[in-house]
Amino acid sequence: MPTYTNPTSDASDAYEALRGLAHASRSFEDPSETYVVIGELLGGLRSLRQVLDQLAAAHLSRQHHVTDESREYSGGAAEALAAADELHRAGTLIDRADDRLSAAMTHSGRIVWNPQDRMVERWVGVVFLQGEEADRVIDLIDAHGVEAGIEHLSAWDYGEETTNAALENGDVHDTAPVYPGDRQAETGDYAMTYNPMAGHVALYRRHLIRAEDAIDKEAGAHVPARRPTTGRERETAGRRSAVRDGGWFEHPGVAAVKQARGLSL
């Protein structure tokens, strides 16, 4: 245990701790722990930098009160200055090591050590509306914006029940579908497409699945796991929206989607 008062004892403990780390780090059962070790070493390196400065200061503050082996005060002062200079140079090298270790920690933190747990992003259909129902939503969007439209359509989202229904009906997509003539807006985990000319509106929700469960495993990009968003959080969280327009085109697959959801043709 560190004494915080006895430099000699604490230096000995630090040496033993580093010896132990050198032995323990010969292999890692969980390679993700390397990130933690790098972080601790980074903290230790910065403490070492401070120790070097303090050692240099101790030599400089006593340079006029020491002698060399020949009992010469001038020689002792010269040796003290030389030692302080070398300690400062060592501190400069520690600064360079600090930069490199910080960079290593940044790169290590981006590694996914267990790719079998990799998640890929899919979009499940929540609701598809056309006709008068869609017109009412489009009017709502015109009056209050796309986020109001998404918030309204999210009332059709019953969580796992909606996800299971989409999986059973094949209403799952690599990206939220948008066709020429559609406009698309995203807020949080929702993406809405709407087409005022064709008169339909659809809402999709982001859904994460394990990469090994995806048909196109290689195509799925890693997505960090996220906590499910509640309705209240969707109301209060900061939002980002984007709207894209395209030329008019009749939305393909409309009948199939409606039939899968039990809507009238």
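Contacts in this predicted model are dominated by pairs distant in sequence: of the contacts in the protein with a separation of 6 or more, 72% are between residues 24 or more positions apart. The chain has 265 residues, and 29% of them are buried. Its accessible surface amounts to about 17,000 Å², with carbon and sulfur atoms contributing 54% of that area. The protein contains 8 helices and 5 strands, arranged along the sequence as α-α-α-β-α-α-α-β-β-β-β-α-α.

The strands are a good place to begin a closer look. They form an open sheet of 5 strands in the order 2-1-5-4-3, and the pairing is antiparallel. Strand 2 (172-173) and strand 3 (183-187) sit at the edges, each pairing on one side only. In general terms, strands of a sheet pair through backbone hydrogen bonds, in either a parallel or an antiparallel fashion.

Strand 5 offers a helpful reference for reading the rest of the sheet. This strand covers residues 200-210 and is mostly covered, with 10 of its 11 residues buried. One of its partners is strand 1 (residues 119-130), which runs antiparallel to strand 5 and is joined to it by 11 bridges. Within this pairing, phenylalanine 128 has alanine 202 as its bridge partner in strand 5, and valine 127 stands opposite leucine 203.

Strand 5 also pairs with strand 4 (residues 190-195), through 6 bridges and again in an antiparallel arrangement. Two of the residue pairs can be followed by eye: tyrosine 190 has arginine 205 as its bridge partner in strand 5, while alanine 191 is matched there with tyrosine 204. Strand 4 is largely enclosed by the rest of the structure, because 6 of its 6 residues are buried. Its residues point in two directions: Tyr190, Met192 and Tyr194 go one way, Ala191, Thr193 and Asn195 go the other way, and all are buried.

The other neighbour to consider for strand 4 is strand 3, which runs antiparallel to strand 4 and is joined to it by 5 bridges. Here glutamate 186 stands opposite alanine 191, the residue that is also the bridge partner of tyrosine 204 in strand 5.

Two hairpins connect these strands in sequence. Strand 3 and strand 4 form a hairpin with 2 residues between them, and glycine 188 in that turn has a positive phi of about 60 degrees. The hairpin of strand 4 and strand 5 has 4 residues between the strands, and its turn includes glycine 199, with a positive phi of about 75 degrees. Alanine 198 belongs to the loop between strand 4 and strand 5. With a relative accessibility of 25%, alanine 198 counts as partly exposed. The C-alpha atom of alanine 198 is separated by 8.2 Å from that of glycine 181, a residue 17 positions away along the chain.

A positive phi is also found at tyrosine 4, where the angle is about 65 degrees although the residue is not a glycine. Tyrosine 4 lies in the segment before helix 1. This residue counts as exposed, because its relative accessibility is 72%.

Attention can now turn to the pockets. Rolling a probe the size of a water molecule over the atoms shows where empty space is left. The largest pocket has a volume of about 1,000 Å³. Its lining comprises 25 residues, and those nearest the centre are Asp10, Ala14, Ser47, Leu48 and Val51. The elements giving two or more residues to this lining are helix 1 (7-24) and helix 2 (33-61). Helix 2 supplies the largest share, with 11 residues. Sorted by class, the lining of the largest pocket holds 15 nonpolar, 7 polar and 3 charged residues.

Notes. Residues are numbered from 1 along each chain as its sequence is written. This is a predicted model: local features need pLDDT of at least 70, side-chain atom pairs count only at pLDDT 80 or more; totals for chains, interfaces and linings use all residues. Side-chain values use heavy atoms; hydrogens and water are left out. On a 1 Å grid over the protein atoms alone, a cavity is a set of points where a 1.4 Å probe fits but cannot get out, and a pocket is an open set with protein on both sides within 12 Å along at least five of seven lines; lining residues have an atom within 4 Å of a point. Grid points are joined across faces, edges and corners, and a volume is the space filled by probe spheres set on the points. Ala, Val, Leu, Ile, Met, Phe, Trp, Tyr, Cys and Pro count as nonpolar, Asp, Glu, Lys and Arg as charged, and the others, Gly among them, as polar. Buried means under 20% relative accessible area, exposed over 50%, partly exposed in between (1.4 Å probe, protein chains only). Two strands pair if DSSP finds at least two bridges between them. Contact means heavy atoms within 4.5 Å. Accessible areas come from the Shrake-Rupley method with a 1.4 Å probe; for residues, only the protein chains shown count as cover.
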